[in-house]
Amino acid sequence: MKTNNIMERELRPQNGMGMLFLLLLAIVLCTAGFVFTCIRVSSGCFYFGGELALLVVLMATLAILGWIVCPILLAGLKIVRPNEARVLTLFGKYYGTIKQSGFFYVNPFCTTFNPNYTVAVAEANAKQEESLKRGSLTVTRVGTGKNISLKTQTLDNKRQKVNDVLGNPIIVGAVVIWRVVDATRAVFAVENYAEYLSIQADSTVRNIARLYPYDVFSEDGDLDGDGVPEKTLRGSAMEIADSMRVELQKRVASAGLEIEEVRITHLAYAEEIAAAMLQRQQAVAIIAARQKIVDGAVGMVKMALDKLGEEEVVVLDEERKAAMVSNLLVILCGNKDAQPILNSGSLY
C-alpha cells in the first residue's frame, strides 16, 4: 500500500526488557569500573607506569563513554499500548510502523511522528498561557501520548443550518463513528487526520442533507411525480445516514480512516419557519383526519339506508332520504355530541 510514495512497513522490533536489562547492567559496570579506577589512582599505582597504569586509563575511558552512550541507547525503548500504533521516522525519513502492543527496542535515533499530538500540545500551551493571563492555573492533559490510537472514536458534528431540496432552512446534526485503520497514511497523507475528518464530515452532512426534503406533505409522498415515494430526512433518516457514511468513506479513505457509522442526532426546521411549518403539518393532519371521518360517515349512512330499505322498517321518499342523510352526516362528522330532538308528531 503506497502512501504519497511511502510504502508502509510494519516493524517487528526486539523485546525491550532484554535491552533494558543489558543497558542497566552496562551502566552498573561502567560505574563499578570508574570507582575501581579512582581507587587505583588514589593508591598511587598510576604513577608507577606499566601495564597496570594503561589498564586504569582504559577502564576510566570506557566508563565515561558508557555513561554517554547508554542514556542515548535508552531512547530506543518504546511502549505501545493495545489498539495503538507508533509511526517512526529516522532523520526525517519514514522508518516503519509498530502495530503490536508491548515493550520494544528500536533504533534510538528514531522519533515518533504524530501530527495530532503536536497540535494538541500547541492548543494545550495556548490554553495554559490564557489561564495564566487570567490569573488562574489549569492543568491540561494531552491525549495518551505520541501513539496513533486505533480505537473506535466518535466525532460529534455540531448542528448546522442547511437548505433542503425545497429550499426550507433546517437544522441538522450528526455523529460519526470512525477509527484509524492505516496509521502510516493517517500521519503522512494529510496534515491532521482528525481535523481533516471533521471538515469532511461537515461538508458531507451538508451536501447530502440538501438533496432531500425535510418532509413531503402530499398524500402519496411523491414529490417529483414519478410514482415513487420520495425519501425524506424525517422519514428515511437511516437510509440517508447510510448515504452519508458511504460518501464520507470515499473522502477519507486516502487518509487511512474507516467510517463505521453515521447517525443523525438532530433534525428540525430553522427557527424562522418552524412555527409556519408546524401549522402546515397540523393542517395536513386535520385534513387527513376529516377525510377519514367523512369516508366512514358516508359508509355508515349508506349502510343505514340499505338496512332500512331491505327490512322495510320505514319507506322514505327521496326528499326524506336526503334529510336523513344530512342529519346523519351532521351527527357523524360534527366535533361535538349531537343534541337529540324528539318529534312527537308524524314523520311528515
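Helices, as named in this tour, are DSSP runs of H or I with at least four residues, and strands are runs of E with at least two, both numbered from the N terminus. The model on display is predicted.

**First selection: asparagine 147**

Select asparagine 147, which sits in the loop that links α3 (115-133) to β9 (148-149). Is this residue buried or exposed? Its relative accessibility is 5%, and because the cut-off for burial is under 20%, asparagine 147 counts as buried. To see what surrounds asparagine 147, display Ile79, Val80, Arg81, Glu84, Ala85, Arg86 and Asn114; these are the residues that it touches once those up to four places away in sequence are set aside. Next, add alanine 183 to the selection. Alanine 183 and asparagine 147 are 36 residues apart along the chain, and their C-alpha atoms are separated by 9.5 Å.

**Second selection: asparagine 157**

Move on to strand β10, residues 153-163, and pick out asparagine 157 within it. Asparagine 157 also counts as buried, with a relative accessibility of 6%. Which residues does asparagine 157 contact, leaving aside its neighbours within four places in sequence? They are Gly173, Ala174, Val175, Ser198, Ala201, Asp202 and Val205. Keep Ala201 and Val205 highlighted, since both are among the residues of α5 that take part in the helix contact shown next.

**Third selection: helices α5 and α6**

Select residues 193-209 for α5 and residues 237-252 for α6. In general, two packed helices are described by the angle between their axes and by the distance between those axes. Here the angle is about 140° and the axes lie 9 Å apart, which makes α5 oblique to α6. The crossing of α5 past α6 is right-handed.

Now show the side chains at the contact. From α5, display Tyr196, Leu197, Gln200, Ala201, Ser203, Thr204, Val205, Asn207, Ile208 and Ala209; from α6, display Ile240, Met244, Glu247, Leu248, Arg251 and Val252. Coloured by class, this contact shows ten nonpolar, four polar and two charged residues.

**Final view: the whole chain**

Clear the selection and return to the full chain, which contains eight helices and twelve strands. Of its 348 residues, 31% count as buried. A surface display corresponds to about 22,000 Å² of exposed area, of which carbon and sulfur atoms supply 59%. Among contacts between residues at least 6 apart in sequence, 68% join residues at least 24 apart.

Definitions and conventions: Residues are numbered from 1 along each chain as its sequence is written. This is a predicted model: local features need pLDDT of at least 70, side-chain atom pairs count only at pLDDT 80 or more; totals for chains, interfaces and linings use all residues. Side-chain values use heavy atoms; hydrogens and water are left out. Axes are lines fitted to C-alpha atoms, for helices over the stretch in contact, and angles run from 0 to 180 degrees between N-to-C directions. Angles under 35 degrees count as roughly parallel, over 145 as roughly antiparallel, 65 to 115 as roughly perpendicular and the rest as oblique. A crossing is left-handed if the near helix is turned anticlockwise from the far one by less than a right angle, and right-handed if clockwise. Contact means heavy atoms within 4.5 Å. Ala, Val, Leu, Ile, Met, Phe, Trp, Tyr, Cys and Pro count as nonpolar, Asp, Glu, Lys and Arg as charged, and the others, Gly among them, as polar. Buried means under 20% relative accessible area, exposed over 50%, partly exposed in between (1.4 Å probe, protein chains only). Accessible areas come from the Shrake-Rupley method with a 1.4 Å probe; for residues, only the protein chains shown count as cover.
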